[in-house]
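Thanks, everyone; I would like to walk you through one model this morning, starting with the whole chain and then turning to a few charged pairs.

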Amino acid sequence: MPYQTVNPFNNKLIKTYPDHSDQQVQQALDRAHRLYKSEWSQGPVQSRVQVLHKLSALIAARVDDLAKIASEEMGKLIEQSRGEVKLCAAIASYYAEHAETFLQPTRYPTDLGEAWVENSPIGVLVAVEPWNFPYYQLMRVLAPNLAAGNPILVKHASIVPHCAEVFEQLVHEAGAPEGAYTNLFISTDQVGTLIDDDRVQGVALTGSEKAGSIVAARAASKLKKSTLELGGNDIFAVLDDCDLEKAIKAAAQARLSNCGQVCTAAKRFIVHEKVADAFLKGFTAQMQAVKPGDPLDPQTTLGPLSSAQALKDLAKQVDEAVKAGATLHLGGKKVENTDGNFYQPTILTGITRDNPAYFQEFFGPVAQVYVVKDDEELVTLANDSHYGLGGAIFTQDTARGKALASRIETGMVYINSATDTAPELPFGGVKRSGYGRELSDLGIKEFVNQKLVVIAK
Ligand code: NAP
């Protein structure tokens with residue numbers, strides 16, 4: 001696919017970016033590998049975290065500018081783009097402050113003598129990233145790995161080349177040496193060739209199951225480590241004792257934020273039968289109340305989907321769900337009289353297990369609502385999914401919420417909040433949502449050599 005900026009609000013082509021040749025890719029890899037062998041990567045962390053301090057400040061100073069680029073390129077509401085940019089500054093700052101502590105050697109008491117595990121960089125990494133959070137996805141990989149000393153070669157999604165380019169410029173402006181971070185406009189074949197190269201030692205991918213399995217298989221064939229942050233079909237559980245007003249508001253936000261294109265968005269709403277009618281009424285009202293429009297206009301509350309293809313795919317998925325017996329409670333159509341990729345907020349009910357929608361992730365403003373009679377049925381339904389990313393439970397009984405959280409097969413569960421993210425909290429899933437963790441102290445340990453050193457007695 002060509003790397004192009006197409007404004008999803010009107011489908012106008014803004015710019016096409018030239019691809020990197022095989023020769024340019026090899027040169028980038030040479031630079032990255034040279035850096036890995038240098039004092040910069042192998043030496044103390046202090047000089048590397050200085051770059052992160054500076055990067056955080058640069059990003060914080062350019063919030064509006066960076067937000068506008070993202071909104072124009074992938075359709076996120078401007079206020080949400082601002083939030084994403086600020087989060088990136090916070091992640092850079094978090095690792096700037098904490099990386100040294102996280103990378104400290106750990107002592108191991110042993111009868112053999114003095115022993116410790118030190119955390120060394122492992123080499124050049126390849127990162128393959130998606131468009132839905134076009135800066136945050138990059139920062140989740142960059143900040144911990146720059147601190148750890150691993151140079152990074154990035155293949156960003158082909159629909160967000162402008163974000164990819166400005167992010168790279170910022171990293172360089174912050175003082176990162178040549179080879180520390182390189183954006184590459186490359187094909188999937190070129191990604192494969194990079195993964196095969198002995199100088200590449202790890203691969204991080206955020207994206208679909210399909211891309212994840214291809215890239216991870218390629219890495220595995222060369223016995224290289226990978227981390228995968230893939231899709232999700234997160235539950236949003238509404239228990240009979242919850243603060244219903246709060247739950248309804250959070251439910252609509254959790255399904256509509258970023259126009260529903262969030263891996264950890266609430267996608268399956270599992271509601272206790274005692275509050276089902278009231279929930280559906282309130283949720284429908286909130287989902288209906290949106291104002292589609294230009295994502296740059298602060299009055300807009302529903303932006304376009306990221307591409308014409310995304311709109312086509314989502315509309316097809318909903319049509320197929322209805323054909324297979326689901327009830328269309330709300331929406332179910334493209335928004336008319338617009339050149340952009342707008343889809344109506346949609347609610348599907350009556351989805352049976354033999355409906356393909358039951359196991360599918362809807363990457364857009366489409367909610368599936370299920371009604372259950374008790375907590376047992378809730379847990380069974382929640383875990384009857386190929387995915388295991390996040391989940392939310394709304395209840396006023398914390399003990400009940402905690403007990404349920406322990407039984408939900410996901411990498412993250414939030415009680416009385418939609419699934420969220422913060423620099424200090426680990427992010428990642430289980431099952432077909434992938435493996436490995438990003439952010440927090442766990443994120444920085446994914447691609448380090450935890451090397452044991454023993455001084456014998
Ligand atoms: P996608 O098609 O997998 O794209 C993600 C990235 O992978 C893009 O850079 C894409 O490049 C690249 N790619 C695709 N096929 C590849 C291959 N065979 N080899 C190498 N690279 C390849 O994902 P998407 O459909 O755009 O994004 C939505 C999916 O990502 C959803 O399932 C969502 O839940 C998931 N996601 C997960 C997280 C998380 O943290 N768990 C976060 C965001 C999104 P091109 O753009 O050039 O195709």
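How much area does the protein expose, and what share of it do carbon and sulfur atoms supply? The protein exposes about 19000 Å², of which carbon and sulfur atoms supply 52%, with accessible areas taken from the Shrake-Rupley method with a 1.4 Å probe, where for residues only the protein chains shown count as cover.

Before going on, please note that this is a predicted model, in which local features need pLDDT of at least 70 and side-chain atom pairs count only at pLDDT 80 or more, while totals for chains, interfaces and linings use all residues. Residues are numbered from 1 along each chain as its sequence is written, and side-chain values use heavy atoms, with hydrogens and water left out.

Of the 457 residues, 57% count as buried, meaning under 20% relative accessible area, as against exposed at over 50% and partly exposed in between, with a 1.4 Å probe and protein chains only. The secondary structure comes to 15 helices and 20 strands, which are DSSP runs numbered from the N terminus (helices H or I, at least four residues; strands E, at least two).

Now to the charged pairs. The structure holds 23 salt bridges, each being a side-chain nitrogen of Lys or Arg within 4 Å of a carboxyl oxygen of Asp or Glu. In one of them, arginine 140 pairs with glutamate 438, with the closest N and O atoms 2.7 Å apart. Since arginine 140 lies in helix H6 and glutamate 438 in the loop between strand S19 and helix H15, the pair ties together parts that are 298 residues apart in sequence. Both arginine 140 and glutamate 438 are buried.

Another salt bridge joins glutamate 361 to lysine 267, at 2.8 Å from N to O. Glutamate 361 sits in the loop between S13 and S14 and lysine 267 in strand S11, so this pair links parts 94 residues apart in sequence, and both residues are buried.

That loop between strand S13 and strand S14 also holds phenylalanine 363, which is partly exposed at a relative accessible area of 24%. Leaving aside neighbours within four places in sequence, phenylalanine 363 is in contact (heavy atoms within 4.5 Å) with residues including Lys267, Trp131 and Leu314.

Finally, are the partners glutamate 376 and arginine 407, whose closest N and O atoms are 3.0 Å apart, buried or partly exposed? Glutamate 376 is partly exposed at 45%, and arginine 407 is partly exposed at 39%.
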